[in-house]
Amino acid sequence: MKKTVILGFLILASMGCKKELFVECESFENLGGWVVDPQFVEQMGSPYLMAHGLGQPVDNATTTVQIPASDTYHLWARTTNWAPGNWEAPGRFNILINGKSLEKTLGTYPGWGWNYAGQMNLAGGAATLELADLTGFNARCDAIYICNRYRTPTNRQVQLSELRNSLTPAMEIPEQQLEFDLVVVGGGIAGCAASIAAAEQGMKVALVHDRPVLGGNASSEIRVHTLGIYGHFERILKMLDTEHYPNGSPEALADEQKRHRNMEKYPGIELYLEFRAYAAATESSTITWVDARHISTGEQIRFSAPFFIDCTGDGWIGYWAGAETMYGREEVAKYGESWDKYGELWSPEEPDNQVLGSSVLWRSYESDSSYEFPEVPWALEVAGDYAAREGTWHWELISDRWHQVDHAEQIRDHMFKAIFGSFYNEKQKPGTENLRLEWASYLLGKRESRRLVGDYIYTFNDMREHHLFPDSAVMEEREVDVHYRQDRLDKSKPDFLTEAMFYPVRRYYIPYRSLYSKNINNLFMAGRCFSCSHVGLGGPRVMRTTGQMGAAVGYAASLCKKYSCTPRELYRDHLESYMQLILNSDHHGL
């Protein structure tokens with residue numbers, strides 16, 4: 001794919017000699033040690049840069065800007081103090097222009113907003129702009145505004161979006177418009193499996209994914225090993241899954257490389273990595289296009305196709321398209337999903353917004369030399385006196401007050417405090433002089449959030465009663481696995497640790513009718529956003545199972561193209577052909 005790079009800033013010299021620049025930080029030419037974080041675009045309006053240094057300041061991020069004319073300029077940065085309190089802000093940084101630091105340290109005010117950095121006399125022409133991290137503890141900067149007038153930019157979401165659009169080259173309709181047989185959004189195991197299955201049946205597939213690497217929770221960025229069985233799709237899933245290494249292990253990299261080699265060998269799959277979808281349009285309950293934007297360059301593409309598969313996890317494509325959605329725990333009476341052993345922990349009397357939580361994995365190691373870890377008073381408000389040297393799946397925040405989609409940044413930052421505080425406490429113990437913090441993900445590993453409604457809502461009863469459906473596309477044997485926060489039963493435990501409730505079952509099956517939207521005619525879904533109840537997600541949410549879902553809908557899309565039918569019509573009129581294709585999956589391939 002040929003990529004057109006669009007600069008993340010634009011000079012505007014308007015009437016009345018007002019001169020201003022708006023710089024999108026994710027478009028910096030050299031990121032140094034900073035990383036692009038696109039997880040919270042829907043809340044923030046944009047990706048941002050973050051200095052994820054595990055307590056060691058990272059190298060400066062740098063870029064070149066064009067100063068319109070010689071003048072005195074004021075500078076603001078859109079940033080936040082992500083851990084406010086009676087201590088120095090952990091995410092402090094400075095801004096340098098042409099090697100000279102502006103007077104004010106940034107990242108010290110709570111809440112995302114425009115912090116004033118200072119003023120400087122600048123000559124017209126090229127100037128070097130730098131972000132200088134001071135702490136290594138996740139300083140973040142969304143955008144920089146430079147103006148020859150003292151005028152703080154707006155921070156209101158709608159007006160800020162208008163400001164961005166007026167000063168950057170974003171277009172209401174992307175110039176680049178591409179057509180495919182199938183558009184898959186989300187490059188986790190489910191999205192990859194869907195793309196392979198469809199491509200093997202001759203479809204031209206676009207796989208749109210907002211990270212530079214494939215695999216989602218199984219990627220080297222998050223490092224969760226895959227669980228579940230292969231069902232009818234062993235050949236496809238073995239190209240994508242992982243060994244059973246400990247969660248958080250760097251061994252994830254080898255499986256990621258395998259995954260990329262296998263995806264890239266399919267000529268029918270075009271990969272659009274680092275493109276984050278941001279809108280979908282429907283006509284007569286049918287999706288016509290999905291728009292995506294490159295997380296660094298800002299390049300925009302409109303993807304059109306007869307069929308779409310939502311593998312975003314959060315169900316974004318369905319949400320934007322107007323699909324029916326679910327969120328939270330249903331009341332026990334709705335589906336009769338009770339388990340007396342755990343009562344309310346398993347299924348509540350009244351519905352609520354609690355879902356399975358998100359994890360941030362991390363690990364440490366014994367180095368050959370001593371290693372000091374800074375004091376982190378801002379983290380101890382969460383960690384308390386809890387001490388640890390690695391993160392496991394138990395490190396999961398299930399929150400009654402924070403929504404797993406709307407408040408994902410707060411959840412991630414809470415887990416940062418848990419990690420840094422717990423590691424600091426561990427370092428205070430004798431014999432830990434050489435213990436070094438090696439790695440921590442900055443991406444949330446989510447288990448559950450928004451779920452899309454299909455023609456069939458899969459529940460716990462389908463697993464414990466072993467329902468066999470005429471359209472049983474997916475099978476699993478793994479126990480039903482639902483979590484609760486440990487402090488619900490033991491107040492001495494921190495709020496970031498969970499425990500599992502395992503309900504043993506024999507083999508169970510998931511129907512194809514749970515893998516397409518009830519009210520959007522050409523939308524499939526695979527992964528944790530499939531059509532199920534909260535407890536119904538407890539068994540099939542692991543990645544080999546969601547990979548089965550992906551392969552199942554990839555095949556379904558190919559038959560919908562063949563028969564010129566909708567996903568629902570495929571079930572109604574062509575079920576035998578569909579099931580035969582699934583049953584023979586392991587005999588297909590390049």
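Helix H3 crosses helix H11 in a right-handed sense. This is a predicted model. H11 also passes helix H13, again in a right-handed crossing. Beyond the helices, the briefing covers an aromatic cluster, two residues with positive phi, and two strand residues with their contacts.

**Helix H3 against helix H11**

- Two packed helices are described by the angle between their axes and the distance between the axes.
- H3 spans residues 189-200, and its axis comes within 7 Å of the axis of H11.
- The two axes cross at roughly 30 degrees. That angle is under 35 degrees, so H3 counts as roughly parallel to H11.
- On the H3 side, the contact uses Ile189, Ala190, Ala193, Ala194, Ala197, Ala198 and Glu200.
- On the H11 side, these residues meet Met543, Thr546, Gly547, Gly550, Ala551, Val553, Gly554 and Tyr555.
- By class, this contact holds 10 nonpolar residues, four polar and one charged.

**Helix H11 against helix H13**

- H11 covers residues 543-563 and H13 covers residues 575-583.
- Their axes come within 10 Å and cross at roughly 140 degrees. This makes H11 oblique to H13.
- H11 contributes Ala552, Val553, Tyr555, Ala556, Ser558, Leu559 and Tyr563 to the contact.
- H13 contributes Ser577, Tyr578, Leu581 and Ile582.
- Nine residues of this contact are nonpolar, two are polar and none is charged.
- Val553 and Tyr555 of H11 take part in the contact with H13, and both also appear in the contact with H3.

**Aromatic pairs and a cluster**

- The model has 42 aromatic pairs, with ring centres within 6.5 Å as the rule.
- In one pair, Tyr371 and Phe373 have ring centres 6.5 Å apart. Their planes stand at 45 degrees, so the pair is tilted.
- Tyr371 is buried, at 7% relative accessible area.
- Phe373 is buried as well, at 9% relative accessibility.
- Phe373 also pairs with Phe420, with ring centres 6.4 Å apart. The planes are at 35 degrees, so this pair too is tilted.
- Phe373 sits in the loop between strand S22 (362-366) and helix H8 (377-383). Phe420 sits in helix H9, residues 408-427.
- The pair of Phe373 and Phe420 therefore ties together parts that are 47 residues apart in sequence.
- Phe420 has 0% relative accessibility and counts as buried.
- Tyr371, Phe373 and Phe420 belong to one aromatic cluster. Its other members are Trp82, Phe137, Trp362, Trp378, Tyr386, Trp395, Phe416, Phe423 and Phe496.

**Positive phi outside glycine**

- Most residues other than glycine have a negative phi.
- Arg223 has a positive phi, near 70 degrees.
- Arg223 lies in the loop between strand S14 (205-209) and helix H4 (234-237). Its relative accessibility is 12%, so Arg223 counts as buried.
- Ser285 has a positive phi of about 60 degrees, although it is not a glycine.
- Ser285 is in the loop between strand S16 (275-283) and strand S17 (286-294). At 37% relative accessibility, Ser285 is partly exposed.

**Arg78 in strand S6**

- Arg78 belongs to strand S6, residues 71-79.
- Arg78 is buried, with 3% relative accessibility.
- The C-alpha atoms of Arg78 and Trp114 are 4.3 Å apart. Along the chain the two residues are separated by 36 residues.
- Leaving out residues up to four places away in sequence, Arg78 touches Met44, Trp112, Gly113, Trp114, Arg140, Cys141, Asp142, Ala143, Asn155, Gln157, Leu160 and Arg164.

**Ala281 in strand S16**

- Ala281 belongs to strand S16, the strand that comes before the loop with Ser285.
- Ala281 has a relative accessible area of 15% and is buried.
- Ala281 and Ile317 are 36 residues apart along the chain, and their C-alpha atoms are separated by 9.3 Å.
- Not counting residues up to four places away in sequence, Ala281 touches Thr286, Ile287, Thr288 and Trp289.

Terms used: Residues are numbered from 1 along each chain as its sequence is written. This is a predicted model: local features need pLDDT of at least 70, side-chain atom pairs count only at pLDDT 80 or more; totals for chains, interfaces and linings use all residues. Side-chain values use heavy atoms; hydrogens and water are left out. Axes are lines fitted to C-alpha atoms, for helices over the stretch in contact, and angles run from 0 to 180 degrees between N-to-C directions. Helices (H or I, at least four residues) and strands (E, at least two) are DSSP runs, numbered from the N terminus. Angles under 35 degrees count as roughly parallel, over 145 as roughly antiparallel, 65 to 115 as roughly perpendicular and the rest as oblique. A crossing is left-handed if the near helix is turned anticlockwise from the far one by less than a right angle, and right-handed if clockwise. Contact means heavy atoms within 4.5 Å. Ala, Val, Leu, Ile, Met, Phe, Trp, Tyr, Cys and Pro count as nonpolar, Asp, Glu, Lys and Arg as charged, and the others, Gly among them, as polar. Rings of Phe, Tyr and Trp (its six-membered ring) pair if their centres lie within 6.5 Å; planes under 30 degrees apart count as stacked, over 60 as edge-to-face and the rest as tilted. Buried means under 20% relative accessible area, exposed over 50%, partly exposed in between (1.4 Å probe, protein chains only).
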